Amino acid sequence: MKGTPSRGRHSRHVVHIICRRCGHKSYNIKKKRCSYCGYPDPKWREYSWSNS
Ligand SMILES: [Zn+2]
């Protein structure tokens, strides 16, 4: 192995947290939006499970 694989600067800089809607760790706390499902944008409303 060459170079420095880990510089120890990876932790402590949390950007993505658990999304309330999809459960993925994709909620960007800086953008305040989930990069997976788009929360809190109403993106899932047109899905089939949302039958009225
Ligand atoms: Zn989400």
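Is Asn28 buried or exposed? With a relative accessible area of 9%, Asn28 is buried; the legends below come back to this residue after a look at the whole chain. Keep in mind throughout that this is a predicted model.

**View 1. The whole chain: three strands and no helix.**
Follow the protein along its sequence and you get the pattern β-β-β, with zero helices. The protein has 52 residues, and 15% of them count as buried. Its accessible surface comes to about 5,300 Å², and carbon and sulfur atoms own 49% of that. Among contacts with a separation of 6 or more, 0% join residues 24 or more positions apart.

**View 2. The zinc ion and the four cysteines that hold its coordination sphere.**
Here the zinc ion is coordinated through the SG atoms of Cys19, Cys22, Cys34 and Cys37, at 2.3 Å. The angles between the four donor atoms run from 105 to 116°, and that makes the arrangement tetrahedral. For reference, four ideal tetrahedral donors would sit at 109.5 degrees. Read off the sequence, the spacing of the donor residues is C-x2-C-x11-C-x2-C. Cys19 belongs to the loop between β1 and β2, while Cys37 sits in the segment after β3 (33-34), so this pair ties together parts of the chain that are 18 residues apart in sequence. Cys19 is buried at 3% relative accessible area, and Cys37 is buried too, at 1% relative accessibility.

**View 3. The same stretch as UniProt annotates it.**
An unreviewed UniProt entry lists Cys19, Cys22, Cys34 and Cys37 under "binding site". These four residues span 19 residues in sequence, yet no two of their C-alpha atoms are more than 8.7 Å apart, so they gather at one spot. The unreviewed entry also carries the annotation "zinc finger region: C4-type", covering residues 19-37. Over residues 19-37 the chain is 21% strand and 0% helix, and its end C-alpha atoms lie 9 Å apart.

**View 4. Cys34 and its neighbours.**
Zoom in on Cys34, a zinc donor that lies in strand β3. Cys34 counts as buried, because its relative accessibility is 2% and the cut-off for buried is under 20%. Which residues does Cys34 contact, leaving aside neighbours within four places in sequence? They are Cys19, Cys22, Ser26, Tyr27, Asn28 and Tyr39. Two of these, Cys19 and Cys22, also appear among the donors to the zinc ion.

**View 5. Asn28, the residue from the opening question.**
Asn28 lies in strand β2 and is buried, with 9% relative accessible area. Not counting residues up to four places away in sequence, Asn28 touches Val15, His16, Arg33 and Cys34. Cys34 takes us back to the zinc site, and Arg33 leads on to the next view.

**View 6. The salt bridge between Arg33 and Asp41.**
How many salt bridges does the structure hold? There is one, and it pairs Arg33 with Asp41, with the closest N and O atoms 3.0 Å apart. Both partners count as partly exposed: Arg33 at 40% relative accessibility and Asp41 at 31%.

**View 7. Ile18, out on the exposed side of the ledger.**
Ile18 is found in the loop between β1 (16-17) and β2 (27-28). At 53% relative accessibility, Ile18 counts as exposed. Setting aside residues up to four places away in sequence, Ile18 still touches Gly23, His24, Lys25 and Tyr27. Ile29 is eleven residues along the chain from Ile18, and their C-alpha atoms are separated by 9.9 Å.

**View 8. Two backbone details worth a look: Lys32 and the bond from Tyr39 to Pro40.**
Most residues other than glycine have a negative phi, and most peptide bonds are trans. Lys32, however, has a positive phi, near 55°. Lys32 is found in the loop between β2 and β3 and counts as exposed, at 57% relative accessibility. The peptide bond from Tyr39 to Pro40 is cis, with omega near 10°. Pro40 is found in the segment after β3, as is the zinc donor Cys37.

Conventions:
Residues are numbered from 1 along each chain as its sequence is written. This is a predicted model: local features need pLDDT of at least 70, side-chain atom pairs count only at pLDDT 80 or more; totals for chains, interfaces and linings use all residues. Side-chain values use heavy atoms; hydrogens and water are left out. Helices (H or I, at least four residues) and strands (E, at least two) are DSSP runs, numbered from the N terminus. Buried means under 20% relative accessible area, exposed over 50%, partly exposed in between (1.4 Å probe, protein chains only). Contact means heavy atoms within 4.5 Å. A salt bridge is a side-chain nitrogen of Lys or Arg within 4 Å of a carboxyl oxygen of Asp or Glu. Donors are N, O and S atoms within 2.8 Å of the metal (3.2 Å for Na, K and Ca); water is not among the atoms, so sites may look incomplete. Four donors count as tetrahedral if all angles lie between 85 and 135 degrees; four count as square planar and six as octahedral if opposite donors are over 155 degrees apart and all others between 65 and 115; anything else is irregular. UniProt positions are given in the numbering used here, feature names are shortened, and annotations may be inferred rather than shown by experiment. Accessible areas come from the Shrake-Rupley method with a 1.4 Å probe; for residues, only the protein chains shown count as cover.
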